[in-house]
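Got the viewer open and a selection box ready? Let's walk through this one stop at a time.

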Amino acid sequence: MPLICAGQPHANSLGLGSRVLKLSMSSAMHRVGSAGNTSNSSRPRKEKRLTYVLGDANDSKHSAGINCLAVPKSSIDGCDYLYTGSRDGTLKRWSLSEDVASCSATFESHVDWVNDAVIVGSNRLVSCSSDGTVKTWNCLSDGGCTKTLRQHSDYVTCLAAAEKNSNVVASGGLGGEVFIWDLEAAYAPNSKSDATDEECSNGTIASGNPLPVTSLRTISSSNNISTHPNQSHGYVPIAAKGHKESVYALAMNDSGTLLVSGGTEKVVRVWDPRTGSKTMKLRGHTDNIRALLLDSTGRFCLSGSSDSMIRLWDLGQQRCVHSYAVHTDSVWALASTPSFSYVYSGGRDLSLYITDLSTRESLLLCTGEYPIQQLAIHDENIWVATTDSSVRRWPAEGRNPQKVFERGGSFLAGNLSFSRARASLEGSTPVPVYKEPTFTISGAPAIVQHEILNNRRHILTKDAAGSVKLWEVTRGIVIEDYGKVSYEEKKEELFEMVSIPAWFTVDTRLGSLSVHLDTPQCFSAEMYSADLNITGKPEDDKVNLARETLKGLMAHWLAKRKQRFGSQASANGEVLSGKDISARSLSHSRLEADGNAENDSMVYPPFEFSTVSPPSIITEGSQGGPWRRKITDLDGTEDEKDFPWWCLDCVLNNRLPPRENTKCSFYLHPCEGSSIQILTQGKLSAPRILRVHKVVNYVIEKMVLDKPLDNVNPDVPFGPGLSSTVGDGSFRSGLKPWQKLKPSIEILCNNQVLSPDMSLATLNACNR
């Protein structure tokens with residue numbers, strides 16, 4: 001007896017002893033929207049997302065390119081340290097000893113690339129990021145951010161600090177803005193609500209920010225500092241106005257009385273950072289300026305550019321006094337000896353050079369595999385940061401650079417940008433002095449390719465070292481390391497004919513997997529507990545993947561919250577200070593309770609995240625802007641000011657937003673040529689995750705065994721508790737008569753036999 005499901009034409013034949021049943025499926029299967037969404041066709045406003053970043057098993061390593069380095073001028077508490085900032089969004093502190101570097105702290109708060117970092121005073125680290133913020137940290141802390149400064153309108157690309165003035169830091173970014181920050185004023189408490197980031201997870205300083213600090217200062221049209229006492233609830237830094245395009249480089253003299261900047265305008269601008277006023281503009285480069293240095297007095301300036309040139313400027317004479325054609329490509333990094341007699345330079349040509357600024361002699365120290373991003377001299381050595389996740393230390397004779405020139409192999413730097421490139425083409429490329437670094441702080445290879453598999457629980461990745469791995473997204477771990485195999489072949493091998501809604505998105509911008517959850521889309525995927533191998537639940541219970549994933553991510557937070565607030569912590573949002581999440585959520589959209597899940601904090605094994613290498617959460621609430629933190633570092637005080645309301649409503653109140661496309665509708669009727677009587681022409685509906693074998697069960701119970709069909713009505717949904725429909729739970733208890741008869745049944749679609757394990761969603765997807 002063939003069956004036909006509405007949607008694409010399906011044909012099904014059923015055999016039962018000598019009795020043969022044939023039914024056909026004729027119209028296209030289609031989705032049925034949830035009842036809660038039909039009353040309002042307008043698109044809801046976009047809510048704030050929650051992202052979790054899956055880390056490497058060894059959290060002490062960076063997982064993306066190193067953008068910046070910072071070395072204290074002297075030992076801190078008798079120890080030598082190196083600070084690194086990475087495209088993975090974190091900074092790390094390395095404790096240094098002879099040929100040993102151990103990661104003693106990870107500074108985690110930025111939500112995008114860390115682009116630059118400087119040490120201010122004796123124990124303050126300042127960083128900037130593509131997330132548009134400048135952050136401050138205690139150098140010797142365990143990694144907690146002390147302040148977040150928000151003023152830039154775009155990526156913050158560079159910083160500069162005054163060695164003898166621990167109060168002043170300058171920042172520049174892609175918005176063409178240059179700000180000079182008075183850290184003492186930024187830290188000064190001004191009200192009871194003032195707090196550091198360690199006390200309040202999203203403490204920030206910005207115009208109009210909810211955390212008030214000190215008096216507001218800005219630059220008037222006359223370039224004088226003006227104070228606005230009536231706006232005392234926000235600190236605004238001095239603005240050096242003049243750049244019309246992106247700023248890539250900054251430098252400041254030791255006393256903090258002179259600031260230079262450069263970027264895509266190809267000119268070096270000179271400022272008085274005390275007022276933000278322009279003093280001069282220096283022209284000469286023909287491409288973007290990417291690196292700047294000032295000597296301690298502020299008289300001489302070195303600039304490196306994408307035109308491959310290094311230029312030495314005399315600011316007193318307001319002119320370029322020397323040009324050095326050392327590199328064959330963009331110059332991205334400069335570092336000088338304390339006397340400003342020698343400059344180390346690196347860039348896109350993968351090479352590190354040292355140049356005697358007076359004699360113009362240059363020497364190739366080493367050549368690597370990756371473009372050089374930044375340099376930091378440390379005693380007799382130089383640390384080199386590249387687009388790779390590792391940091392390398394090379395010999396540099398930092399105290400007496402002339403010694404390295406005695407090895408020979410130097411050349412005279414020309415003064416035309418094409419001279420080194422021409423020499424390279426003519427085969428006179430210099431030979432590097434050093435072949436290997438003296439020490440390497442290894443990083444984890446960044447993920448360069450990824451593929452979300454059809455089951456929507458696994459992601460296949462390939463990293464920069466060529467290793468292919470399989471991740472389970474609901475637990476945040478690698479479940480299979482295939483080694484260096486063909487990524488494309490492994491992807492084909494793992495292909496499954498299954499259709500699960502796309503409940504999350506992924507990117508690898510930070511060098512690792514960042515999994516994004518957006519409401520309401522993230523709540524669209526469900527699976528049966530049996531398919532997830534969850535014990536202790538009825539096998540036909542539906543499990544919402546996003547809800548259980550959120551429970552797993554926030555299990556530590558919820559446990560800490562219960563310690564603080566007791567059992568109220570999960571009681572319908574009543575402990576959420578300042579707002580009633582229930583009222584707030586209902587004001588945004590109609591919500592529905594997940595009736596198949598208990599309102600508890602139990603985390604099932606398929607959703608347990610590691611506490612050894614826990615993922616980090618990136619999100620934001622109603623105040624303070626985006627933040628990032630390990631799930632094990634959440635202390636239970638975070639609330640709707642820190643988390644999206646929909647996330648808390650799901651975890652605390654067991655409520656989910658309206659979900660579309662959760663059901664399919666179809667028809668069952670005899671196949672053409674069959675002698676069987678048409679039993680019903682009513683449209684039936686069932687959950688998209690329903691398996692074909694459940695449809696078979698329905699056919700046997702309602703048709704083959706001649707059960708009464710008087711109560712089968714058109715447009716009745718398949719669902720548990722309705723005897724006239726095919727439901728998830730129709731056969732949970734007792735042994736049905738058809739099970740004793742053990743009939744042999746097949747269902748066909750487009751004349752192809754369907755697997756009993758195929759879901760209606762997969763069937764629908766295959767026949768579009």
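## Stop one: a helix with one buried face

Select helix α6 (residues 555–565) and colour Trp557, Leu558 and Arg561, which are buried. Buried here means under 20% relative accessible area, exposed means over 50%, and partly exposed is in between, using a 1.4 Å probe and protein chains only. Looking down the axis of α6, you'll find its buried residues within an arc of 95°, so they line one face of the helix. That arc is taken from the directions from the helix axis to the C-beta atoms. Helices (H or I, at least four residues) and strands (E, at least two) are DSSP runs, numbered from the N terminus.

Before you go on, note that this is a predicted model: local features need pLDDT of at least 70, side-chain atom pairs count only at pLDDT 80 or more, and totals for chains, interfaces and linings use all residues. Residues are numbered from 1 along each chain as its sequence is written, and side-chain values use heavy atoms, with hydrogens and water left out.

Now add α8 (645–653), which is part of what covers the buried residues of α6. Just after α6, click on Gly566, where phi is positive at about 80°.

## Stop two: the enclosed helix

Which residues of α5 are buried? Select helix α5 (residues 545–553) and check: 9 of its 9 residues are buried, so the helix is largely enclosed by the rest of the structure. The buried set includes charged-looking picks for your selection box such as Arg547, Glu548 and Lys551.

Show Arg547 and Glu548 as sticks: they form a salt bridge, with the closest N and O atoms 2.8 Å apart. A salt bridge here is a side-chain nitrogen of Lys or Arg within 4 Å of a carboxyl oxygen of Asp or Glu. Arg547 counts as buried at 0% relative accessibility, and Glu548 is buried at 3%.

At the N-terminal end of α5, Asn544 acts as the cap, with a side-chain oxygen 3.2 Å from the backbone nitrogen of Ala546.

## Stop three: the largest nonpolar core

Next, select Leu50, Leu517, Leu550, Trp557, Phe643 and Trp646. Of the 44 residues in the largest nonpolar core, these touch the most other members. Such a core is a set of buried Ala, Val, Leu, Ile, Met, Phe, Trp, Tyr and Cys residues joined through side-chain atoms within 4.5 Å. At least two core residues come from each of β5 (50–54), β43, α5, α6 and α8. The largest share, 7 residues, is supplied by α8.

Zoom in on Leu517. Beyond its neighbours within four places in sequence, Leu517 is in contact (heavy atoms within 4.5 Å) with residues including Leu50, Trp503, Phe504, Leu550 and Trp646.

## Stop four: more salt bridges

The structure holds 21 salt bridges. Pick Arg628 and Glu108, whose closest N and O atoms are 2.7 Å apart. This pair links distant parts of the chain, from strand β48 (residues 627–630) to strand β9 (residues 100–108), 520 residues apart. Both ends are tucked away: Arg628 is buried at 7% relative accessibility, and Glu108 is buried at 13%.

Move to Arg629 and Glu638, whose side chains meet in a salt bridge (3.0 Å, N to O). Arg629 counts as buried at 17% relative accessibility, as does Glu638 at 1%. Then select Glu451, Glu488 and Lys491, which are linked in a network of salt bridges.

## Stop five: a hairpin

Select strands β12 (residues 133–138) and β13, which pair in the antiparallel sense over 5 bridges. Two strands count as paired if DSSP finds at least two bridges between them. One bridge to click on joins Trp137 to Cys145 in β13. In strand β13 (residues 145–150), 6 of the 6 residues are buried, so the strand is largely enclosed by the rest of the structure. Between the strands sit 6 residues, and in this hairpin Gly143 takes a positive phi near 115°.

## Last stop: backbone oddities

Most residues other than glycine have a negative phi, and most peptide bonds are trans. Where are the exceptions to visit?

- Asp379 has a positive phi near 55°; this partly exposed residue has 40% relative accessibility.
- Asn533 has a positive phi near 60° and is exposed, at 65%.
- Thr519 and Pro520 are joined by a cis peptide bond, with omega about 0°; Pro520 is in the loop between β43 (513–517) and β44 (526–528).

How values were computed:
A polar contact is a pair of N or O atoms within 3.5 Å; within protein, one must be able to donate a hydrogen and the other to accept it, and residues adjacent in sequence count only if both atoms are side-chain atoms.
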